[in-house]
Amino acid sequence: MNNKKEHEEPLRSVRITAMRQTVYRDLMEQFENPIEHTCDITIGQTFTSVGGERPEGLCESAWESMRPFVEALARGEGNFYDGWMQNPRSAMISCNDGFRPVSFYLETLDNSQ
């Protein structure tokens with residue numbers, strides 16, 4: 001038996017695009033232990049979340065920052081914070097790396113894409 005409601009829409013796909021990275025060198029020098037490898041994300045890189053799931057290759061830490069917004073967009077929700085974004089079916093979210101945060105643009109896709 002299928003527990004899914006007949007009128008319930010399928011989850012939408014959400015495109016995740018890396019838009020910008022900021023690097024706080026002064027904070028890194030003051031607080032961060034030296035590390036050899038940091039973020040693998042490149043500006044312009046895109047990922048697609050299908051069914052509200054984390055796309056392969058997307059950093060788990062970045063995913064945890066954006067997951068609630070991706071899940072909401074996948075369900076057809078939007079208009080976060082009463083009109084924050086020009087496109088109500090989108091969000092701009094940064095990962096939680098305090099030394100080199102990446103800003104990601106999230107946008108709902110038409111499932112036919």
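Which side chain meets that of Glu32 in a salt bridge? I shall open with that question, and I note at once that the model before you is predicted. The partner is Arg100, with N and O 2.8 Å apart. The two residues lie 68 positions from one another and link distant parts of the chain. Glu32 sits in the loop between α1, residues 25-31, and β2, residues 46-49. Arg100 belongs to the loop between β3, residues 90-94, and β4, residues 102-108. Arg100 counts as buried because its relative accessibility is 7%, under the 20% cut-off. The pair is also part of a network of salt bridges, in which Glu32 and Arg100 are linked with Asp97.

Let me now place this pair in the overall architecture. The protein has two helices and four strands, and their order along the sequence is β-α-β-α-β-β. The C-alpha trace spans about 55 × 35 × 20 Å along its principal axes. There are 113 residues, of which 34% count as buried. As for sequence separation, consider contacts between residues at least 6 apart: 63% of these join residues at least 24 apart. The accessible surface comes to about 7900 Å², and carbon and sulfur atoms account for 45% of that area.

I turn next to the charges. The protein carries 11 positive and 18 negative charges, and the mean positions of the two sets are 5 Å apart. The salt bridges number seven. Besides the Glu32 pair, I would draw attention to two others.

One of them joins the side chains of Glu64 and Arg67, at 3.4 Å from N to O. Both residues are in helix α2, residues 60-74, and because they are three residues apart there, about one helical turn separates them. Glu64 is partly exposed, at 45% relative accessibility. Arg67 is likewise partly exposed, with a relative accessible area of 29%.

The other is formed by Glu77 with Arg75, whose closest N and O atoms are 2.9 Å apart. Glu77 has a relative accessible area of 37%, so it counts as partly exposed. Arg75 falls in the partly exposed class too, at 46%.

From charges we move to the nonpolar interior. Which element gives the most residues to the largest nonpolar core? The core in question has 21 residues, and those with the most contacts inside it are Ile16, Ile41, Leu58, Met66, Val70, Phe104 and Leu106. Two or more residues come from each of β1 (14-21), α2, β3 and β4. Helix α2 gives the most, with eight residues.

Ile16 offers a detailed view of this packing. Leaving aside residues up to four places away in sequence, Ile16 touches a set of residues that includes Leu58, Met66, Val70, Phe104 and Leu106. Its other partners include Trp63, Pro55 and Phe47.

Finally, I come to Thr17, which is found in strand β1. Is Thr17 buried or exposed? Its relative accessibility is 12%, and therefore Thr17 counts as buried. With the same exclusion of sequence neighbours, Thr17 touches Gly44, Gln45, Thr46, Ser103, Phe104, Tyr105 and Glu107. For Gly44, the C-alpha atom is separated from that of Thr17 by 6.1 Å, although the two residues are 27 apart along the chain. Gln45, Thr46, Phe104 and Tyr105 are among the residues touched by Ile16 and also among those touched by Thr17.

Notes: Residues are numbered from 1 along each chain as its sequence is written. This is a predicted model: local features need pLDDT of at least 70, side-chain atom pairs count only at pLDDT 80 or more; totals for chains, interfaces and linings use all residues. Side-chain values use heavy atoms; hydrogens and water are left out. Buried means under 20% relative accessible area, exposed over 50%, partly exposed in between (1.4 Å probe, protein chains only). Contact means heavy atoms within 4.5 Å. Accessible areas come from the Shrake-Rupley method with a 1.4 Å probe; for residues, only the protein chains shown count as cover. Lys and Arg count as positive and Asp and Glu as negative; His and the chain ends are not counted. The place of a charge is taken as NZ of Lys, CZ of Arg, CG of Asp or CD of Glu. A salt bridge is a side-chain nitrogen of Lys or Arg within 4 Å of a carboxyl oxygen of Asp or Glu. A nonpolar core is a set of buried Ala, Val, Leu, Ile, Met, Phe, Trp, Tyr and Cys residues joined through side-chain atoms within 4.5 Å.
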